[in-house]
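Student: I am new to this structure and would like a close look at one part of it. Could you walk me through the charged pairs and what surrounds them?

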Amino acid sequence: VAQSVVRESLLELQFSGLVQMVDNLGIFVSELDTNTLLQAYQVREMLEGMAARICCDTASRSDIKALTDLADRIHQTGVAGQDVERGKLDREFHHKTIALSQNKILERLTGAYHVLGTTVLVSRTHDIIRSEHMAIVEAIAANDPDQAENRARAHVAGARRAILKQIAEGDYEPKWVID
């Protein structure tokens, strides 16, 4: 691999917060802790809300159908106890809303925090997750940007609050998944 490719890759990892460059010492893997995770959720809340808002202008009927199908599949795999598959589908749902926004800057910014995913198995039921996903899709389908943004932000904030609750109860251990 060319040195320039390695350098570019390391810069991308640094931008994502996965490595730190220390002058005259080298490059080190960053510590991934719950504080970093919670900060990522704060960013996700804003950016994914923006993506849902923009989707109102860009999503087609077939896009709405694809999001609906994804929400249903997420629910089905969750109920079946297929947590790894459910996690993949959930990330796909969120990636899809971002991609549907057709905003390249937004895609780039969200790519920075999507480099590192986490499986968040919290006390939120599969029915609640499905309901929140469907609320986002319905707002996009209704071409209601305010509701789409609010519902997407509420969904991400709900996950963040569930993590905070588990941390407070001493019952949280992140399960990191590299996308």
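Student: To start with one residue, is Asp-72 buried, partly exposed or exposed?

Tutor: Happy to take a look with you. Please keep in mind that this is a predicted model. Asp-72 counts as partly exposed, because its relative accessibility is 22% and the buried class ends under 20%.

Asp-72 has a charged partner: its side chain meets that of Arg-130 in a salt bridge, at 2.5 Å from N to O. Arg-130 belongs to helix α6 and Asp-72 to helix α3 (residues 61–79), so this pair ties together parts that are 58 residues apart in sequence. Arg-130 is partly exposed as well, with a relative accessible area of 30%. As a general point, side chains of opposite charge can pair when their charged atoms come close.

The count for this structure comes to 9 salt bridges. Another of them joins Arg-53 and Glu-149, whose closest N and O atoms are 2.5 Å apart. Here too, distant parts of the chain are linked, with Arg-53 in helix α2, Glu-149 in helix α7, and their places 96 residues apart in sequence. The two partners fall into separate classes: Arg-53 counts as partly exposed at 29% relative accessibility, while Glu-149 counts as buried at 17%.

Now follow helix α7 (residues 145–168) to Arg-153. The side chain of Arg-153 forms a salt bridge with that of Glu-45, at 3.6 Å from N to O. Glu-45 sits in helix α2 (residues 34–58), 108 residues away from Arg-153 along the chain. With a relative accessible area of 25%, Arg-153 is partly exposed, whereas Glu-45, at 14%, counts as buried. Glu-45 and Arg-153 also belong to a network of salt bridges that includes Arg-160.

What else does Arg-153 touch? Setting aside residues up to four places away in sequence, Arg-153 touches Glu-45, Met-46 and Gly-49. Gly-49 makes a nice example of how the chain folds back: Arg-153 and Gly-49 are 104 residues apart in sequence, yet their C-alpha atoms are 5.0 Å apart in space.

From here, let us turn to Ala-139, which has its place in helix α6 (residues 126–141). Ala-139 counts as buried, with 3% relative accessibility. Leaving out neighbours within four places in sequence, the contacts of Ala-139 are Cys-56, Asp-144, Gln-147, Ala-148 and Arg-151. The C-alpha atoms of Ala-139 and Ala-152 are separated by 9.6 Å, with their positions 13 residues apart along the chain.

One of those contacts, Cys-56, raises a last point. In general, a disulfide is a covalent bond between the sulfur atoms of two cysteines. A search of the whole structure finds 0 disulfides. Cys-56 is in no disulfide, and the nearest cysteine sulfur, that of Cys-55, is 7.3 Å away. That distance does not meet the rule, because a disulfide needs two cysteine sulfur atoms within 2.5 Å. Both cysteines are hidden from the surface by the same kind of value: Cys-55 is buried, with a relative accessible area of 0%, and Cys-56 is buried, with 9%.

Conventions: Residues are numbered from 1 along each chain as its sequence is written. This is a predicted model: local features need pLDDT of at least 70, side-chain atom pairs count only at pLDDT 80 or more; totals for chains, interfaces and linings use all residues. Side-chain values use heavy atoms; hydrogens and water are left out. Buried means under 20% relative accessible area, exposed over 50%, partly exposed in between (1.4 Å probe, protein chains only). Helices (H or I, at least four residues) and strands (E, at least two) are DSSP runs, numbered from the N terminus. Contact means heavy atoms within 4.5 Å. A salt bridge is a side-chain nitrogen of Lys or Arg within 4 Å of a carboxyl oxygen of Asp or Glu.
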